[in-house]
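Dear colleague,

I am handing over a structure that I have been looking through, and I would be glad if you opened it before reading my notes. Please keep it on screen while you read, since the notes move from place to place along the chain.

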Amino acid sequence: MKVLLLGATGNLGSRLIPALLAHKHSVVIFVRSESKLRTLVDSAVLSRCTIVNGDATNTRAIEDAILAYQCNALINSAGVAAIFPWQAPKMQGIIAAVATAAVEASRKLGYPIRCWFLGGLTVLDFPTKKDTKMSYYFPLFKEHGLTLECISSKPVQHLKWSLLAPSAMTPTSKEITFLDAPRGNPLIAKNDTLVDWRPTYLTSVPYLGVYADIVKNMMRYNTTLEDCADFLAADLAKEESEHVGHKVGIIVSNEKKRQ
């Protein structure tokens, strides 16, 4: 696919560049600071990409980039969500601009834009509590709920969206270098809720049981930036993705890791 990437100077975005190239995607990088990008990513990687300078809150500029390069996919990893519920949202200007630009470009191009947005684990549904999000019990990064509201309000015939909802992501390497082939990843995914949730013996205890479950499970959902980048690049290589129209939980599969 021809992918417009926003947020390429961030931790995940910079690792998406070699991952997308390894999966044979054409990459158009939409970035505010090209000079910063060049200090982060190896020139051998960037030489295989198209770089467009622009602001991620500028709907028209994003739309123009999609149209100019006839992109049929987009990944937005730009922006940092507010951590605490009393903080004002920090990234909704970016989310609205990107989603709107993709829809308008889709209308002009005559095909839908496949889009991945970055959220967080607390936007997922709690596995044992119907119609209750994780953020009800763990009220951090609630802004991701606003991201979900924004992208899910767009017509799916134009915006084929998915929202990645990881826990903490850490790097396996500081260097961003060219990949001769996809590195692969040990992740398994589930739409809308957490994968492989393991209740404790305290589950049935009112109030306390839920928090005991959260404490036991939370660290199990930590992943690496490189694994998440490969997961997204691999999904865009599919003819049809089972994740369209869903928030997506991920976890490292020990079985896949051994393989």
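What follows is a short account of the sheet strands, the nonpolar cores and two backbone angles.

Please bear in mind throughout that this is a predicted model.

A good place to begin is strand β4, residues 73-76, which is covered on both faces. Ala 73 and Ile 75 lie on one side of this strand, Leu 74 and Asn 76 lie on the other, and these four residues are all buried. Strand β4 runs parallel to β1, to which four bridges join it, and Leu 4 stands opposite Leu 74 there. Strand β4 is also joined to β5 by four bridges, again in a parallel arrangement, and in that pairing Ala 73 has Arg 114 of β5 as its bridge partner. Between these two strands the chain passes through α5, and the resulting β-α-β crossover is right-handed.

The next topic is the packing of nonpolar side chains. The largest nonpolar core has 47 residues, and the members that touch the most others are Leu 4, Leu 6, Ile 62, Ile 66 and Phe 117. At least two residues each come from several helices and strands, including β1 (2-6), α4 (59-69), α5 (92-109) and β6 (159-164), while α5 gives the most, with nine residues. Ile 66 is a useful residue to select on screen: if its neighbours within four places in sequence are left aside, Ile 66 is in contact with Leu 4, Cys 71, Leu 74, Ala 101, Ala 102, Ala 105, Leu 109 and Ile 113. There is also a second, separate core of 34 residues, and among its members are Val 31, Ile 75, Trp 116 and Val 248.

Finally, two backbone angles deserve a careful look. Most residues other than glycine have a negative phi. Lys 24, although not a glycine, has a positive phi of about 70°, and this residue sits in the loop between α1 (11-22) and β2 (26-31). Phe 141 is likewise not a glycine and has a positive phi of about 55°, and its place is the loop between β5 (113-118) and α6 (143-152). Is each of these residues exposed or partly exposed? Lys 24 counts as exposed because its relative accessibility is 68%, whereas Phe 141, at 34%, counts as partly exposed.

With best wishes

Terms used
Residues numbered from 1 in each chain as written. Predicted model: local features only at pLDDT ≥ 70, side-chain atom pairs only at ≥ 80, totals over all residues. Heavy atoms only, no water. Buried < 20%, exposed > 50% of the residue type's maximum accessible area, 1.4 Å probe, protein only. Core = buried A, V, L, I, M, F, W, Y, C linked by side-chain atoms within 4.5 Å. Contact = heavy atoms within 4.5 Å. Pairing = 2+ DSSP bridges. Right-handed = clockwise from strand over helix to strand, strands pointing away.
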